[in-house]
Amino acid sequence: MHHTGTDIQKLVDLLGGWPPHFDEVEQAHGESLLRYLKRDGLIDEPVFGQVVRYAVHRAAFDRLSVLIVEEGFTGTEGNFMSGLAQQRAAHENRIAVLERELLGTPYVRAKQGASTQTSFMDLLGDSAPDGERQGGRVVTPFRPMTRKGGRS
């Protein structure tokens, strides 16, 4: 299912909107991640906060990447990174952590206590019919039938 810009803008408005310091680059990174998370039904207010932080770090990473190429810094004695490369590496580390939290597998999310469908998504009209939401259709993480050491 393809989401139009108005769907994403409606979602952003429901979540409180982009911070005032955001420009088009941050919004584009945030919207691309929101499309993915909306498709999987994983949006709520705390997740939106993580998306905002992801967009900030991703935009900074991209800006620094351009500056590093223009700088042409190849390294010093001992192969130390330039200051810009160190800044970019810090943003890359934060991006990796946020992506792991936001894009984790359903098993990882369940293990961390996060649900796969949040109540916020019901506000968007994307909820399943009432007949499908009731019942015991809960996915639990895989557990082997036997454990190491012979205990079952």
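## One side of helix α4

Let us start with helix α4, whose buried residues are Ala85, His91, Ile95, Leu98 and Leu102. Around the helix axis they span an arc of only 140°, which puts them on the same side of α4. The face turned away from that buried side carries Asn93 and Arg100, and these residues are exposed. Everything described here comes from a predicted model.

In length, α4 has 20 residues. From its first C-alpha to its last, α4 reaches 29 Å, close to the 28 Å expected at 1.5 Å a residue. Gly83 also has its place in this helix, and with 43% relative accessibility it counts as partly exposed. Along the chain, Gly83 and Ile68 are 15 residues apart, while 9.4 Å separates their C-alpha atoms.

## The overall fold

Stepping back to the whole protein, the secondary structure comes to six helices and zero strands. Read from the N terminus on, the order of elements is α-α-α-α-α-α.

The protein has 152 residues, and 30% of them count as buried. Its contacts can also be sorted by distance along the chain: among those between residues at least 6 apart in sequence, 70% join residues at least 24 apart.

## The nonpolar core

The largest nonpolar core has 21 residues. Those with the most contacts inside this core are Trp18, Leu34, Leu37, Phe48, Val51 and Leu102. Helices α1, α2, α3 and α4 each supply at least two residues of the core, and α3 gives the most, with seven residues.

Leu37 is a good residue to click on if you want to look around this core. Leaving aside residues up to four places away in sequence, Leu37 touches Leu42, Ile43, Val47, Val51, Leu102 and Leu103. Leu102, one of these partners, is also among the buried residues of α4.

## An aromatic cluster around Trp18

The structure holds two aromatic pairs. In one of them, the ring centres of Trp18 and Phe22 are 5.3 Å apart and the planes meet at 20°, so this pair is stacked. In the other, Trp18 and Phe48 also have ring centres 5.3 Å apart, but their planes are at 40°, so the pair is tilted. The tilted pair links distant parts of the chain: Trp18 sits in the loop between α1 (5-14) and α2 (24-39), whereas Phe48 belongs to helix α3 (residues 45-71), 30 residues apart.

Taken together, the ring pairs join Trp18, Phe22 and Phe48 into a cluster. Are these rings buried or exposed? Trp18 is buried, with a relative accessible area of 13%. Phe22 counts as buried at 8% relative accessibility, and Phe48 counts as buried at 6%.

Glu31 in helix α2 offers another view of Trp18. Apart from residues up to four places away in sequence, Glu31 touches Ile8, Gln9 and Trp18. Glu31 and Val52 are 21 residues apart in sequence, and their C-alpha atoms are 9.6 Å apart in space.

## Helix α3 from end to end

Helix α3 has 27 residues. Its span from first C-alpha to last is 39 Å, close to the 39 Å expected at 1.5 Å a residue. Asp44 caps the N-terminal end of α3, with a side-chain oxygen 3.1 Å from the backbone nitrogen of Val47. Val47 is also one of the residues that Leu37 touches.

Further along the helix, what lies 2.8 Å from a polar atom of the side chain of Ser65? The partner is the backbone oxygen of Phe61. Ser65 is found in α3 and is buried, with a relative accessible area of 17%. Just after α3, Gly72 takes a positive phi of about 70°.

Conventions
Residues numbered from 1 in each chain as written. Predicted model: local features only at pLDDT ≥ 70, side-chain atom pairs only at ≥ 80, totals over all residues. Heavy atoms only, no water. Phe/Tyr/Trp six-rings, centres within 6.5 Å; stacked < 30°, edge-to-face > 60°. Buried < 20%, exposed > 50% of the residue type's maximum accessible area, 1.4 Å probe, protein only. Helix = DSSP H or I, 4+ residues; strand = E, 2+ residues; numbered from the N terminus. Polar contact = N/O pair within 3.5 Å; in protein donor to acceptor, adjacent residues only side chain to side chain. Expected span 1.5 Å × (residues − 1). Core = buried A, V, L, I, M, F, W, Y, C linked by side-chain atoms within 4.5 Å. Contact = heavy atoms within 4.5 Å. Arc of directions from axis to C-beta.
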